[in-house]
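Reader: I am new to this structure and would like to go through its side-chain contacts with you, one topic at a time.

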Amino acid sequence: MHRSDIGDPAGQPVFIWLHGWGQDHHALVPLAKLLKRFGRHVLFDLPGFGQTPMLHKGAGTADYADALAKHLKRQNLTLKGPVILIGHSFGCRVSVQMAARHPALVRAVIMIGGAGLKRDRSQMWNLRASSLIILGRLARLSDKILRTSFRQAYTHRFGSADYRNAGDMRDTFVSVVTENLIAEAAATNCPTLLLYGSEDSETPPEIGQKYAALIRNSQYVELEGFGHLDILSRGAHQLEAQIKPFLKEVL
Amino acid sequence: MNKKIVAVIFGGRSVEHDVSILTGLQFLDALDSNRFTGLPIYIDPLGQWWTGSALKKRSLYPVENGQSADLTAVNLDLNAVNMAQPQLLSRSKKLLGEKIDTIPFDIMVPAIHGSNGEDGTLQGLLEFARIPYTGCRLLGAAVTMDKAFTKQTARAADINVLDDLLIDRPIEGVFLDEKNVAKMLKEAMPNSSFPYIVKPVNLGSSVGVSRAGDMDEMIAALLAVFRLDNQAIIEPFVDNLSEYNIAVRMGEDGKAETSAIEQPEREADLLDFKGKYLAGSKAGSPKLDAPSEGMVSLNRVINPDGMTVAQETFIRTTAAKIFDMLALAGSVRIDFLCDSKSGEVWFNEVNTIPGSFAYFLWQDAPNPMSFVELTSHMIDEGFRLSKARLGSTGAAAGGATIFQAG
């Protein structure tokens with residue numbers, strides 16, 4: 001896995017940074033720099049993003065967590081003790097899986113705009129979603145039997161930008177967005193800080209509140225005025241102000 | 001706890017209008033949300049004041065003639081002297097005449113760089129209206145805006161500064177006389193020759209600064225300055241120039257505290273306005289909600305290795321001395337020039353409202369401070385300094401009692 005290190009290479013604890021979907025480690029550099037004096041920071045490009053090759057086709061977040069655990073051990077990053085996972089969005093899905101599947105490796109988890117739980121949707125939304133699924137299947141069926149190209153048009157019209165741009169990662173994308181990490185969150189025991197932007201429309205505060213109810217040892221903080229992506233740039237100082245006291249408590 | 005309302009004022013009638021927007025928004029984004037609520041106030045290039053939460057979105061700018069539906073035109077209420085809280089006034093036309101709404105706040109944060117914001121004018125207005133504000137008081141802000149006066153003050157305190165020559169803008173219809181300029185240069189700086197550096201006396205940043213390699217360039221540079229300012233300051237050009245900047249603030253123990261030292265990296269002879277503030281953003285690139293971060297994205301080395309202990313000591317002690325001498329406040333940035341071959345260092349200038357409030361220099365200071373801590377420090381200090389100001393009369397003074405009969 002491609003990585004970039006910030007801070008004292010011999011420092012403790014080790015922070016493992018996990019970026020969001022469609023991004024790479026660069027997205028987390030501004031925040032990591034603000035926290036550099038707290039230890040050693042390792043920022044990964046997750047498999048299939050940046051400079052790290054993808055895992056097998058259709059790999060889910062459990063596979064990502066297992067691959068990460070193996071990699072951390074191989075790179076001696078857990079030699080001096082468990083690490084602190086700090087993730088954004090998709091990176092938080094991997095963090096929750098890590099905490100549930102490899103608890104001995106994880107000292108604490110910090111989630112920023114963390115994804116992984118289903119949102120409450122209106123009946124209208126659900127109705128629309130299921131009709132679209134049926135429409136998509138019909139398009140695929142028609143393409144197969146009648147050699148039409150409806151599916152492509154369907155994807156273009158209704159697929160999300162992430163779905164359209166996923167390329168070889170499309171199977172992973174589908175498996176990731178359909179999972180619901182309730183059991184994994186409930187199995188998480190380590191101290192967890194949940195940070196959500198009040199204006200986040202991708203992973204709204206609602207998801208953070210659900211995580212807070214599921215994870216025993218968690219703190220939930222909503223940051224006024226920040227969205228899903230700008231929380232990492234112009235919101236970095238507010239994140240820093242929340243993370244520092246959490247680290248003092250945990251370390 | 002009741003949250004204090006912090007009015008951050010930015011934009012303004014200044015050549016540094018755009019950078020000021022960034023500084024203001026960065027300050028708002030770094031407020032301690034447990035203690036403060038931010039209130040953005042934008043002054044457009046024509047001088048009209050606006051407020052509205054839409055101002056916090058970077059994608060709003062540039063504001064076209066203020067014609068955004070989400071913005072409210074406001075004035076500062078100068079008559080609120082005896083009210084519990086300072087306030088803004090917004091006027092709207094209603095069926096039965098004019099309606100005036102008030103928008104209260106507790107303290108104002110001047111985040112305007114350069115003229116009409118950093119130069120003492122805004123500070124004077126706020127003192128007059130007894131409105132608490134952050135940063136330097138009137139005197140420090142006004143003195144440091146005048147590069148020549150600041151240097152004279154430093155020279156009087158035995159601080160190493162470059163020689164200089166001041167030239168006033170000729171009265172209309174009179175041309176700059178080359179021979180006269182040459183004579184003045186010889187008299188003021190007998191040991192120097194071309195190239196020289198020419199700067200406006202009263203503008204912040206690097207706006208209008210240029211290098212003159214010969215007399216033709218000198219006249220051109222002076223004419224460029226006189227389009228912006230009434231007075232030009234000419235200094236010898238420092239060979240092998242490297243610059244060092246440091247921020248200073250008042251420490252908890254009442255002593256001036258200095259930050260990390262930065263050395264801006266640059267390729268050109270001189271760091272012009274574009275190089276300084278537009279680093280990292282491409283012209284014509286799409287407007288994102290997180291464009292170039294201004295001074296933050298400028299290439300720089302923090303605590304550079306090349307600096308000697310003696311140079312560092314000079315920079316730190318001089319910066320602290322100037323801060324005390326001019327009774328500065330807030331987070332000010334003090335700039336130095338250095339001939340990297342001879343090692344000589346000169347004090348250059350003071351920015352009392354530096355880009356991004358120089359927060360990035362505090363992160364790596366000997367005593368580190370985060371941006372959120374810095375904004376809180378500036379606000380607490382602003383309340384304290386404004387409260388400590390005496391000299392106003394109260395109700396007990398009566399007023400005009402000498403005219404009472406008897």
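**Side-chain contacts**

Reader: Let me start with one ring: is B:Y61 buried or exposed?

Author: B:Y61 is buried, as its relative accessible area comes to 8%; buried means under 20% relative accessible area, exposed means over 50%, and partly exposed is anything in between, using a 1.4 Å probe and protein chains only. Please keep in mind that this is a predicted model, in which local features need pLDDT of at least 70 and side-chain atom pairs count only at pLDDT 80 or more, while totals for chains, interfaces and linings use all residues. Residues are numbered from 1 along each chain as its sequence is written, chains are lettered from A and ligands numbered from 1 in the order in which they are written, and side-chain values use heavy atoms, leaving out hydrogens and water.

Reader: Okay, and how many aromatic pairs are there over all chains?

Author: Rings of Phe, Tyr and Trp (its six-membered ring) pair if their centres lie within 6.5 Å, and planes under 30 degrees apart count as stacked, over 60 as edge-to-face and the rest as tilted. By that rule there are 15 aromatic pairs over all chains. In one of them, B:Y61 meets B:Y42 edge-to-face, with 5.5 Å from centre to centre and 80 degrees between the planes.

Reader: Where in the chain do B:Y42 and B:Y61 sit?

Author: This pair links distant parts of chain B, 19 residues apart: B:Y42 is in strand β2 (residues 36-43), and B:Y61 is in the loop between β3 (49-51) and β4 (72-76). Helices (H or I, at least four residues) and strands (E, at least two) are DSSP runs, numbered from the N terminus. B:Y42 also counts as buried, at 2% relative accessibility.

Reader: What about B:F336 and B:F347?

Author: They form an edge-to-face aromatic pair as well, 6.1 Å between centres and 70 degrees between planes. B:F336 belongs to strand β15 (residues 332-339) of chain B and B:F347 to strand β16 (residues 345-351) of chain B, so the pair ties together parts that are eleven residues apart in sequence. Both B:F336 and B:F347 are buried.

Reader: Switching chains, which residues form the aromatic cluster in A?

Author: That one cluster is made up of A:W21, A:F49, A:Y64, A:F90, A:Y163 and A:F173.

Reader: And which ring does the charged end of A:R121 sit over?

Author: The charged end of A:R121 lies over the ring of A:W125, 3.9 Å from its centre; the rule asks for NZ of Lys or CZ of Arg within 6 Å of the ring centre and within 35 degrees of the ring normal. In chain B, the charged end of B:K4 sits over the ring of B:F383, 5.7 Å from its centre.

Reader: New topic: how many salt bridges over all chains?

Author: There are 25 salt bridges over all chains, each being a side-chain nitrogen of Lys or Arg within 4 Å of a carboxyl oxygen of Asp or Glu. One of them joins B:K151 and B:E235, at 2.5 Å from N to O. It links helix α4 (residues 147-156), which holds B:K151, with strand β11 (residues 231-236), which holds B:E235, 84 residues apart in chain B.

Reader: Are B:K151 and B:E235 buried or exposed?

Author: B:K151 is buried, with a relative accessible area of 1%, and B:E235 is buried too, with 2%.

Reader: Which residue does B:D164 bridge to?

Author: B:D164 meets B:R155 in a salt bridge of 3.2 Å, N to O. Through shared partners, salt bridges join B:K151, B:R155, B:D164, B:K199 and B:E235 into one network.
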